[in-house]
Amino acid sequence: MDFSLSPEAERLRSELLDFMQARVYPAEAVFAEQLAQGGDPHGTPPVLDELKAEARSRGLWNLFLPHKTEWTDGLSNLDYAPLAELTGRVSFAAEVLNCSAPDTGNMEILTMFGTSEQRRDWLQPLLHGEIRSAFAMTEPAVASSDATNIECSIVRDGGEYVINGRKWWISGSADPRCRILIVMGKTDASAAPHAQQSMILVPIDTPGVSVVRNLPVFGYVDREGHCEIVFDDVRVPDSNLLGEEGGGFAIAQARLGPGRIHHCMRTIGAAERALELMCARGESRVTFGAPVAERGQVQEWIANARIAIDQARLYTLYTAWKMDEYGNRAAASEIAGIKVAVPQMALTVIDRAIQVHGGGGLCGDFPLAAMFAHTRLLQLADGPDEVHRRTVARRELKRQRATRENAAVAG
Ligand SMILES: Cc1cc2nc3c(=O)[nH]c(=O)nc-3n(C[C@H](O)[C@H](O)[C@H](O)COP(=O)(O)OP(=O)(O)OC[C@H]3O[C@@H](n4cnc5c(N)ncnc54)[C@H](O)[C@@H]3O)c2cc1C
C-alpha cells in the first residue's frame, strides 16, 4: 500500500497551499461582509468570482475529475485527498476551485451517463463554473434513506415526460446560479424494486417547478440553500432522460461513492482547522495564573484530537487507495465506514475547540459554530449513519460467512 502523491498532485498541493495563504484565508472576512451587504443570503459575493478566476488561472480547477481534462491529467482519489482536505478548511474554498457538492457529483453523472447534447447544455457550463446544479432525490412524505420508497412520478407522454412530486433538502437549489436539477423519480412502479427509478434533467425554470422554501440548518441559512421543491405537471422532452428508463438507482449509486469520500476529505480539513484554533486560543487565554492550554484536561482534548484526526485521515487514504486500485464497488464498506467515522471524529474535535473558546465559540466571531452545524448535517446528508453502518455490517457478515464456509470446505 503506497500513499505517496504523484508529482502532479505534489505540485498542485504546493500551489494550493500558497493560494490558500495568499488569497483564500484573507478573503474569509471579506466574503462574510460582502454577503451581508448584498442583503441576499443566497447571493454571490464579488470576491468569490475574483477567487474563482484566480484559481482557474493557477490551474486549480476541477481537480476532482478522475480523468484527463484540459485542467489536469486526472487525479486519483489518493491524489485528490490532500487537496480536498485543504479546501475543507474554509467554507467556500471548494466552490472557488469548482470542486463543491452537489455540482461535482452531478458533473460526474453527466460525464458518465449524459448524451452529447446533455453534456453540451449542462456539463460544459458546470465545468466552467458558470452555472450551478442540484440533485433531487429526498422526499418529505417517505423515508428516503431507502430510495426505493421514492414516490415522485415520471410518466412518458408522447415525446415528453411529465413529472409530479415533492422533494426537500435539495442542496444548491437556492443559489441564483442554479439552472439544472437532476430529479430521481419512478418511471415504472410495477418493475423490480431497483428498476423502478429513473433520473431526468429538469431546468429549474421549467413551468410547474416551484421552490417552496429554503430549510435552515440549526438556524443557519446556507448560501447554496437546501430547498423544498414541488413538481406539478412539469413537462420536459424525453431527450432529458439520463441513461435508460429504470436505470436511476444504478446512477445514484455511481454518484454517491466519490461524493461521500470528498465530504470526508474536506471534513478532515475542517477538523484540522478546529484543532489549530483550539491550540491558539488555549495558549492565549489565561485563567488562575496559567494558560488554558497548560491544563491537563485541555491537553487531553488536544492529544485526542491529534490522534483521532490522524486515524481518520489514514482510514480515508486507505479507502481512496482501495477505490483507485479495485474500484468503488470493492471499497463500498470502507466508503460507508469513513462516512460514519470522519464526521463523528470532526464533531468531537470541533466541540472541544468550541469549549476552549468559551462563550465566543458559540457565536459567529469564530468559524467553529457554523463548522459544527455543517459537520452535523453530514450524519444525514448522503445517507444517515445508520444506513452506512448497515452496509458495513452486512459486508462484514458476508465476509465472515465466506471465511467460515471456506474453512469448512478446506477442513
Ligand atoms: C443539510 C442536508 C442536505 C441534504 N441534501 C440533499 C440533496 O441535495 N439531495 C437529496 O436528495 N437529499 C438531500 N438530503 C437528504 C438526506 O439525504 C436525507 O435526509 C437522508 O437520506 C435521510 O432520509 P430522511 O430524511 O427521509 O430520513 P428517514 O429515511 O425518514 O430516516 C430517519 C432516520 O431513521 C433511521 N434509519 C433509517 N434507516 C435505518 C436503518 N436501516 N437502521 C437503523 N436506523 C435507520 C436513521 O436514524 C434516520 O436518520 C440532505 C439532508 C440534509 C440534512
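# Worked exercises: rings, a helix, a pocket and a cavity

**Exercise 1.** Is tryptophan 321 buried or exposed, and which class does tyrosine 326 fall into?

*Solution.* Start with tryptophan 321: its relative accessibility is 15%, so it counts as buried. That follows because the cut-off for buried is under 20% relative accessible area. Now take tyrosine 326, which comes out at 55% and therefore counts as exposed, the bar for that class being over 50%. Keep in mind that we're working with a predicted model here.

**Exercise 2.** How many aromatic pairs are there, and what is the geometry of the one formed by phenylalanine 31 and phenylalanine 92?

*Solution.* Step one is the count: four aromatic pairs. Step two is the geometry of the phenylalanine 31 and phenylalanine 92 pair, with 4.1 Å centre to centre and 10° between the planes. Planes under 30 degrees apart count as stacked, so that's the label this pair gets. Step three is to place the two rings. Phenylalanine 31 sits in helix H1 (residues 7-38), while phenylalanine 92 belongs to the loop between helix H3 (77-87) and helix H4 (93-96), so the contact ties together parts 61 residues apart in sequence. Both phenylalanine 31 and phenylalanine 92 are buried.

**Exercise 3.** Go back to tryptophan 321 and tyrosine 326 and classify their ring pair.

*Solution.* The ring centres of tryptophan 321 and tyrosine 326 are 5.9 Å apart and the planes meet at 80°, so call the pair edge-to-face. Next, look for further company: Tyr318 joins Trp321 and Tyr326 in one aromatic cluster.

**Exercise 4.** Stay with helix H8 and work out where aspartate 324 stands in terms of exposure and how far it is from aspartate 79.

*Solution.* First, location: aspartate 324 is part of helix H8. Second, exposure: a relative accessible area of 32% makes aspartate 324 partly exposed. Third, distance: aspartate 324 and aspartate 79 are 245 residues apart in sequence, yet 9.9 Å separates them in space, C-alpha to C-alpha.

**Exercise 5.** Check the span of helix H9 against the expected value, then see how enclosed the helix is.

*Solution.* H9 covers residues 332-356, which is 25 residues. From first C-alpha to last, H9 reaches 37 Å, close to the 36 Å expected at 1.5 Å a residue. For burial, 19 of the 25 residues of H9 are buried, so the helix is largely enclosed by the rest of the structure. Just past the end of H9, glycine 358 adopts a positive phi of about 65°.

**Exercise 6.** What lines the second largest pocket, and which helix supplies the largest share?

*Solution.* Volume first: about 240 Å³. Of the 14 lining residues, Arg13, Ala81, Pro82, Glu85 and Arg313 are the closest to the centre of this pocket. Sorting the lining by helix, H3, helix H7 (248-284) and helix H8 (296-326) each give at least two residues, and H3 has the largest share with five. By class, you get nine nonpolar, one polar and four charged residues. Finally, by domain, at least three residues come from each of domain 1 (7-114) and domain 3 (250-410).

**Exercise 7.** How many cavities of 30 Å³ or more does the structure hold, and which residues line the largest cavity?

*Solution.* There is one cavity of that size. The largest cavity has a volume of about 50 Å³. Its lining consists of Lys52, Glu95, Asn98, Ser100, Asp103, Gly129, Ile131 and Arg132. Split by class, that gives one nonpolar, three polar and four charged residues.

Note on methods
Residues numbered from 1 in each chain as written. Predicted model: local features only at pLDDT ≥ 70, side-chain atom pairs only at ≥ 80, totals over all residues. Heavy atoms only, no water. Phe/Tyr/Trp six-rings, centres within 6.5 Å; stacked < 30°, edge-to-face > 60°. Helix = DSSP H or I, 4+ residues; strand = E, 2+ residues; numbered from the N terminus. Buried < 20%, exposed > 50% of the residue type's maximum accessible area, 1.4 Å probe, protein only. 1 Å grid on protein atoms, 1.4 Å probe; cavity = no way out; pocket = protein on both sides within 12 Å on 5 of 7 lines; lining within 4 Å. Points joined across faces, edges and corners; volume = space filled by probe spheres on them. Nonpolar A, V, L, I, M, F, W, Y, C, P; charged D, E, K, R; others polar. Domains from an automatic or database assignment. Expected span 1.5 Å × (residues − 1).
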